[in-house]
Amino acid sequence: MAPISEIRGLLIADRERTADLISSLSGNIASMVEASQLTTADDEHDPEGSTIAFERSQASTLLAAARNHLADVNAALARIAAGNYGYCERCGQAIARDRLLARPTARTCIGCAAAG
């Protein structure tokens, strides 16, 4: 298994990047909502309407994914604090070092992840 201090550092850096992304996306969505309230709400006849709706939907989807990822990062940090990080939640075996370095939030070993 990879040294816990190395993984913890990766997770903390990831948490900071993800929190920044959430803040940025939240600001973008708020700006889009504010801009749409200042214009006429005729998306059907506005040539920009569908583009704006798509961009808002895309930003909302990215925000949801970032929030889910942040929850995964926080859960991994909690497992480190509890002393059970790096072990598969299904079979209890150690998760491979390379998997943890590539995906520090991994909860399962490669075999269990492949099994679904």
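Here a visitor asks about a predicted model, and a guide answers.

Visitor: How many helices and how many strands are in the protein chain?
Guide: Start at the N terminus and read along. The elements run α-α-α-α. The count is therefore four helices and zero strands.

Visitor: What share of the residues of the protein chain count as buried?
Guide: Buried means under 20% relative accessible area. The protein chain has 116 residues. The share of them that count as buried is 27%.

Visitor: What part of the exposed area do carbon and sulfur atoms supply?
Guide: Take the whole surface to begin with. The protein chain exposes about 7,400 Å². Of that area, carbon and sulfur atoms supply 53%.

Visitor: Which residue does Arg17 form a salt bridge with?
Guide: Look in helix H1, residues 4-38. The partner lies three residues from Arg17, about one turn of the helix. The closest N and O atoms are 3.8 Å apart, and the partner is Asp14.

Visitor: Is Asp14 buried or exposed?
Guide: The cut-off for buried is under 20% relative accessible area. Asp14 has 15% relative accessibility. Its salt-bridge partner Arg17 is exposed, at 51%. Asp14 is below the cut-off, so Asp14 counts as buried.

Visitor: Which residues does Asp14 touch, not counting those up to four places away in sequence?
Guide: Asp14 is found in helix H1. Set aside the residues up to four places away in sequence. What Asp14 then touches is His69 and Val73.

Visitor: How many residues apart are Arg107 and Glu89?
Guide: The side chains of Arg107 and Glu89 meet in a salt bridge, at 3.3 Å from N to O. Arg107 sits in the loop between helix H3 (97-102) and helix H4 (110-115). Glu89 sits in the loop between helix H2 (49-82) and H3. The pair links distant parts of the chain, and the separation is 18 residues.

Visitor: Why does Glu89 count as partly exposed?
Guide: Exposed means over 50% relative accessible area, buried means under 20%, and partly exposed is in between. Arg107 is in that middle class, at 32%. Glu89 is there too, because its relative accessibility is 47%.

Visitor: Is Asp98 exposed or buried?
Guide: Asp98 meets Arg97 in a salt bridge, at 3.9 Å from N to O. Arg97 is partly exposed, with a relative accessible area of 38%. Asp98 has 59%, and exposed means over 50%, so Asp98 counts as exposed.

Visitor: How many salt bridges does the structure hold?
Guide: Side chains of opposite charge can pair when their charged atoms come close. One such pair is Arg17 with Asp14. Another is Arg107 with Glu89. With Asp98 and Arg97 also meeting, the structure's total is three.

Visitor: Which helix gives the most to the largest nonpolar core?
Guide: This core has 13 residues. Those with the most contacts inside it are Ile7, Leu11, Ile80, Tyr85 and Leu100. H1 and H2 each supply at least two residues. The biggest giver, with four residues, is H2.

Visitor: Which residues is Ile80 in contact with, leaving aside its neighbours within four places in sequence?
Guide: Ile80 is among the core residues with the most contacts inside the core. Leave aside its neighbours within four places in sequence. The contacts are then Ile4, Ile7, Arg8, Leu11 and Tyr85.

Definitions and conventions. Residues are numbered from 1 along each chain as its sequence is written. This is a predicted model: local features need pLDDT of at least 70, side-chain atom pairs count only at pLDDT 80 or more; totals for chains, interfaces and linings use all residues. Side-chain values use heavy atoms; hydrogens and water are left out. A salt bridge is a side-chain nitrogen of Lys or Arg within 4 Å of a carboxyl oxygen of Asp or Glu. Buried means under 20% relative accessible area, exposed over 50%, partly exposed in between (1.4 Å probe, protein chains only). A nonpolar core is a set of buried Ala, Val, Leu, Ile, Met, Phe, Trp, Tyr and Cys residues joined through side-chain atoms within 4.5 Å. Contact means heavy atoms within 4.5 Å. Accessible areas come from the Shrake-Rupley method with a 1.4 Å probe; for residues, only the protein chains shown count as cover.
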